[in-house]
Amino acid sequence: MSHEDFPTENPAVVTCGLPYANGDLHIGHLRTYVGGDIYSRALKRLGQQTAFVCGSDMHGTPVAVNAAQEGVTPEEFALRHHEQYEETFPKFDVEFDNYGHTDDATNTETTQEIVRTLEAEGYVYEKEIPVAYDPDADQWLPDRFVEGTCPYCGEHARGDECDEGCGRHLEPGEIEDPVSTITGNSAEYRNREHKFFAVSDLQEYLGEFIDRLEGTSNAQNQPREWIEGDLQDWCITRDMEWGVDYPGEEDLVLYVWVDAPIEYISSTKQYTERVGPDVFDWETAWREDGDIVHIIGRDIIQHHTVFWPAMLHASGYVEPRAVMASGFITLEGKGFSTSRNRAVWADEYLEEGFRPDLLRYYLATNGGFQQDVDFSWARFRERVNNELVGTVGNFAYRSLLFAAREFGGTPDVDLSESVRERIETAMAEFEAGVNEYSVREVGDAAVRLAQFGNEYIQRNEPWKLDDDDPEKAQVIRDCVQIAKAVAVLFEPVTPEAAENLWDDLNEDGDVHAVGIDAALDAPAAAFDEPTELFEKIPEERVEELNEKLEARVDAATEDGEAEADADDEADAGTGAGDGDEPTEEAVADVEPIADERISFEDFQDLDIRVGEIVAAEGVEGADKLAKLTVDIGVEERQIVAGIKQLHDLDSLPGTKIVVVANLEKAELFGVESNGMLLAAGDQADLLTTHGDAVPGTKVQ
Ligand SMILES: [Zn+2]
């Protein structure tokens with residue numbers, strides 16, 4: 001069963017993984033929220049009724065542990081971070097329709113109601129399990145209150161997760177050699193009745209669900225292994241005070257992963273309470289036929305594609321339509337480290353005087369949503385200067401300046417047919433971006449249109465034409481329309497610049513509220529000289545920012561590593577906070593540049609072409625090799641490459657790559673390889689093209 005394309009008649013709910021109320025936000029954290037905001041704005045632009053909701057994740061043991069260390073109550077500790085997040089998101093133009101938190105009355109009620117329904121429907125049972133207990137502190141030790149050895153891989157692990165080893169979720173009682181994090185003493189296991197959610201009863205349902213699920217391919221494919229394997233029931237209670245009380249049980253609270261995703265529903269409810277069901281009805285969305293889109297970090301795919309849909313289905317709620325899971329984010333090639341102060345903090349970015357638009361553009365379009373993204377100040381500058389200033393800003397400024405000076409606004413002629421068609425193409429690309437769950441495509445559609453506008457004005461050189469030449473008025477009329485369309489199509493990614501461009505065009509109404517068709521509505525007849533939409537970043541700024549970062553990392557490292565891990569561990573929430581601390585493997589060592597130079601002629605001997613992957617499958621008997629069919633324009637080639645374990649082969653067809661076409665043929669595991677694809681580093685990050693180069697185009 002496939003879903004109807006957006007816009008649909010249904011109410012849509014777009015959610016972002018809840019940030020865990022436990023630390024400061026850095027720009028890596030913002031990737032999910034910016035992506036969610038762009039997606040929600042783009043849906044609304046298409047006319048889809050949409051609620052964009054989120055909230056802070058307040059519960060769980062990391063908050064309890066850190067609050068105890070600070071000597072404050074968990075509530076006070078979590079609320080402080082909640083308020084900070086609530087303030088920070090709007091500064092980046094991430095505008096939730098509702099932002100709540102998991103400890104408020106709405107979420108407590110909704111969670112307890114859902115748990116009662118699960119009980120009534122027979123999905124909850126009791127079982128006696130061993131639970132770690134600290135006899136000295138006279139206290140049970142859930143999750144982070146206990147550490148020990150992972151029973152699967154033998155590495156040091158936390159009570160609920162093997163964070164340093166195999167990465168498995170650990171159930172209570174599984175960890176070996178338990179030690180209390182409260183007293184540091186050995187803990188003992190005592191038997192205790194706990195509640196379990198019978199996820200395994202829903203295996204058949206989940207198998208069907210995953211076939212229907214849309215979104216990024218990592219979220220569609222990864223869960224199959226879990227769903228088709230030996231599905232474990234989840235222990236959904238914990239022995240602690242901080243959390244949502246289990247209905248009817250005095251000393252048990254619900255596991256944080258029960259009440260956290262339910263906040264998606266609760267936050268939508270609060271939105272309806274505020275605006276009224278005529279504007280948005282949470283009940284239709286969540287209980288009848290809503291289109292629910294979850295935007296998360298990829299480390300919490302399992303929670304959103306197995307546990308959460310199981311809970312929704314068993315309690316009579318609508319299942320997710322799509323899950324978009326973002327890749328990791330690195331900083332100058334290495335992981336963000338909150339404890340070592342190796343991060344660009346959200347507040348710091350703004351204090352440096354950068355507009356939110358620039359970061360939004362970078363995060364949204366510097367790679368596909370599920371791909372890993374590296375942030376560097378140098379690349380940030382390059383993309384701002386080349387694409388935002390050089391392409392979008394330059395086109396808008398030169399066109400509108402010329403129009404204002406020569407015509408006092410929009411020349412009084414009709415839009416030419418060819419430019420109308422080009423704008424319609426951009427609108428179709430924007431819509432396709434939404435339906436393909438690609439925020440990058442949403443942004444690129446507008447930039448490509450501005451690029452076209454630049455070429456159009458350059459090719460027609462209206463400044464060389466006589467005032468009475470009708471061609472002059474025509475070219476400018478067309479350019480003003482393109483500028484207006486860019487404002488409409490670029491608004492989801494750069495809302496502030498879109499608003500400024502809208503003002504420059506002297507347009508009435510609110511650029512944030514218009515539908516996509518406004519791109520083709522006639523522009524205002526009169527407007528004044530425009531402003532510059534974006535400012536160039538000088539090269540010295542990059543050096544200065546890099547030096548600041550290095551100095552801070554050095555200072556933090558000197559402060560000692562002892563405290564280091566406390567913060568990093570704390571990033572254990574349900575939101576993007578988890579998704580952006582990459583493993584060591586993601587960190588590349590940069591090799592020095594080779595001493596020896598080659599001649600230009602040597603380089604020209606290489607026949608390098610743009611290719612497009614048509615098909616990809618594993619080579620039988622070879623762990624690492626994949627067999628690719630690649631369209632290189634003149635013909636299709638079979639190329640064997642060592643990327644089987646590094647890429648999701650199903651998601652590769654359609655990907656543009658770069659191929660050395662005149663390399664000698666080779667035979668690998670009995671399979672002929674006719675050419676070589678180019679890839680960067682140990683993780684074989686595939687080289688691709690930024691623009692529209694078609695297969696067969698020579699790379700030079
Ligand atoms: Zn392990």
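These are my notebook entries on a sheet, a helix and a glycine that I looked up in a predicted model.

Entry 1, the sheet. I began with strand order, and I found an open sheet of 6 strands that runs β3-β2-β1-β14-β15-β10, with parallel pairing. At the edges stand β3 (98–101) and β10 (214–215), each of which has a single partner strand, so one side of each is left without a neighbour in the sheet.

Entry 2, one pair within the sheet. I then looked up β14, residues 291–297, and noted that this strand pairs with β15, residues 322–326, in the parallel sense over 5 bridges. Going down to single residues, I recorded that His294 stands opposite Val323 in β15.

Entry 3, helix α2. I asked myself how many residues of α2 are buried. For this helix, which spans residues 61–70, I noted 7 of 10 residues as buried, and I wrote it down as mostly covered. The buried residues are Thr61, Pro62, Val63, Ala64, Val65, Asn66 and Ala67. Just after α2 I came to Gly71, which takes a positive phi of about 75 degrees.

Entry 4, Gly100. Returning to strand β3, I picked out Gly100, which is found in that strand. Is Gly100 buried or exposed? Gly100 is buried, with a relative accessible area of 5%. Leaving aside residues up to four places away in sequence, I listed its contacts as Cys54, Gly55, Ser56, His82, Glu263, Ser267 and Gln270. I also looked up one distance from this residue, and I noted that the C-alpha atoms of Gly100 and Val279, which lie 179 residues apart along the chain, are separated by 19 Å.

Conventions
Residues numbered from 1 in each chain as written. Predicted model: local features only at pLDDT ≥ 70, side-chain atom pairs only at ≥ 80, totals over all residues. Heavy atoms only, no water. Pairing = 2+ DSSP bridges. Buried < 20%, exposed > 50% of the residue type's maximum accessible area, 1.4 Å probe, protein only. Contact = heavy atoms within 4.5 Å.
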